[in-house]
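Student: I'm new to this one, and I'd like a close look at a single part: the salt bridges and what surrounds them. Could you walk me through it?

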Amino acid sequence: MSDSRGRQTSDQPPHDDHGARPGPPPPPEEPERRGGILMGRPFGVPIYVTPSWFVIAALITWVFGGQLDRVLPELGGTRYLVAFSFAVAFYGSVLVHELAHTLVALRYRLGVRRIQLQFFGGVSEIENEAETPWREFWLAFVGPLLSLALGGAFYLAVQAVELSTVPGVLLTGLMVSNLVVAAFNLLPGLPLDGGRMLRAVVWAVTGRPMSGTVAAAWVGRALAVAVLIGLPLLSAARGVERSTTDTLVDAVLAAVLAAIIWNGAGGSLRNARLKEALPGLRLRELARRAVEVTADTPLGEALRRAREGGAGALVVVDGRGEPVGLVRESAVRAVPEHRRPWVAVGALARDLEPGLRLSAELTGEDLLRAVRATPAGEYLVVEEDGRLYGVAALTDIEQRLTAAVTGR
């Protein structure tokens, strides 16, 4: 599990941090388009089922249905309906796990963007970081705690039924699966809940959230390697005769699970580095000097003026000297050099919309939010009194963030 803007909490075997890319967040999208099928909004938080859930539901139905054929052969083809019911009930347990994270996050006023049920479990996208290590610890621990409680509840329910019946088999399966989910998520490596708990402990001891993230991320990578090698070995060591197909399925699932854990751990580390770097992201330092030209100025002449003035951007102004457009760097590069004396800069400019005018005082997350709100290649940077300060190129912002995240 992990959370968003930082992270996502998930009770899937792996989990995430929302791996973060070393660049500005993408523009907003409709939640339904990016979240899957909307199932409801408990506590005001939308719950989505992604298309990948149907894949895992089919896989669970196939595997569990095959096991039922050995335990309850009298079911015949009905066993697959029972197996599908187990898949739905199991993901109901996953949802309870995620709602536990969500309720604690709402209690701490951290905000929750959505919950997703997907291939390897669930993800709660929490918008803000916990303010203290112990809040972080509790936010992570409550999910496995609920899974343990569900496992205990199903254990008690099993005592009231015959094991060799459909209810007995279903309740036993739900008991075991919830205990496995709890145990797996308590492993002390990001992006799992146990990794976030380890992060909180190291944070509390050192006083540095980044130290906790680094420790938990590397433990998470070690877990990924252990899963890749260990799960197939455990399956082989059970002493049960297995077909080549079963062995191949075990190996593929182990590889997918290990890859998700590895990538989640790396994403958590990149997110932490990004968060640490954001306070130093200042638009005033990133802005390029700009030359003001009219729309009918030939591109060759505008570039000559820019070179002489040591400028890296062109701003189109009207007859009163007011900025009205930004010459797109990509459009300039597309014009062959021999054509530049004959092409007016106005044909290469984007009209100056309100969202393209940014204050030179913007920093950190405020800057990223402004860029995300109006996606563009260039932005006009102005002083508080409206005077032109320069032009900020999206590529410069991305390069600064990439350098901070990768340490280069």
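Tutor: Let's start with how the elements are named: helices and strands here are DSSP runs, with at least four residues for a helix and at least two for a strand, numbered from the N terminus. Keep in mind that this is a predicted model. Counted that way, the protein chain has 13 helices and 12 strands. The chain runs to 408 residues, and 46% of them count as buried. Its accessible surface comes to about 19,800 Å², with 61% of that belonging to carbon and sulfur atoms. Among contacts in the chain with a separation of 6 or more, 63% are between residues 24 or more positions apart.

Now for the salt bridges. Side chains of opposite charge can pair when their charged atoms come close. The cut-off used here is a side-chain nitrogen of Lys or Arg within 4 Å of a carboxyl oxygen of Asp or Glu, and by this rule the count comes to 20 salt bridges.

Take R113 and E125 to begin with. Their closest N and O atoms are 3.5 Å apart, and the two form a salt bridge. R113 sits in strand β4 (residues 112-118) and E125 in strand β5 (residues 121-126), so this pair links distant parts of the chain, 12 residues apart. The two partners are covered to unlike degrees: R113 is partly exposed at 28% relative accessible area, whereas E125 is buried at 6%.

While we're in strand β4, have a look at Q116, which lies there too. Q116 is buried, because its relative accessible area of 8% falls under the 20% cut-off. The side chain of Q116 makes a polar contact with the side chain of Q118, at 3.2 Å.

E125 also gives us a way over to helix α3. The C-alpha atoms of H101 and E125 are separated by 9.7 Å, with their positions 24 residues apart along the chain. H101 is found in helix α3 and is buried, with a relative accessible area of 0%. Helix α3 covers residues 79-107, and its 29 residues should span 42 Å at 1.5 Å a residue; the end C-alpha atoms are 42 Å apart, which agrees. After α3 comes R109, whose phi is positive, near 60 degrees.

H101 leads on to a charged group as well. The side chain of H101 makes a polar contact with the side chain of D193, at 3.2 Å. D193, in turn, belongs to a network of salt bridges that links it with E136, R196 and R199.

Further along the chain there's another pair to find: R284 forms a salt bridge with E361, the closest N and O atoms being 2.3 Å apart. R284 lies in helix α9 (residues 283-286) and E361 in the loop between β10 (357-359) and α12 (364-373), so the pair ties together parts that are 77 residues apart in sequence. Both partners are partly exposed, R284 at 27% and E361 at 42%.

Last, look at E285 and R282, whose side chains meet in a salt bridge at 3.9 Å, N to O. E285 counts as partly exposed at 47% relative accessibility, and R282 is partly exposed too, at 38%.

Technical notes:
Residues are numbered from 1 along each chain as its sequence is written. This is a predicted model: local features need pLDDT of at least 70, side-chain atom pairs count only at pLDDT 80 or more; totals for chains, interfaces and linings use all residues. Side-chain values use heavy atoms; hydrogens and water are left out. Buried means under 20% relative accessible area, exposed over 50%, partly exposed in between (1.4 Å probe, protein chains only). The expected span of a helix is 1.5 Å times one less than its number of residues. A polar contact is a pair of N or O atoms within 3.5 Å; within protein, one must be able to donate a hydrogen and the other to accept it, and residues adjacent in sequence count only if both atoms are side-chain atoms. Contact means heavy atoms within 4.5 Å. Accessible areas come from the Shrake-Rupley method with a 1.4 Å probe; for residues, only the protein chains shown count as cover.
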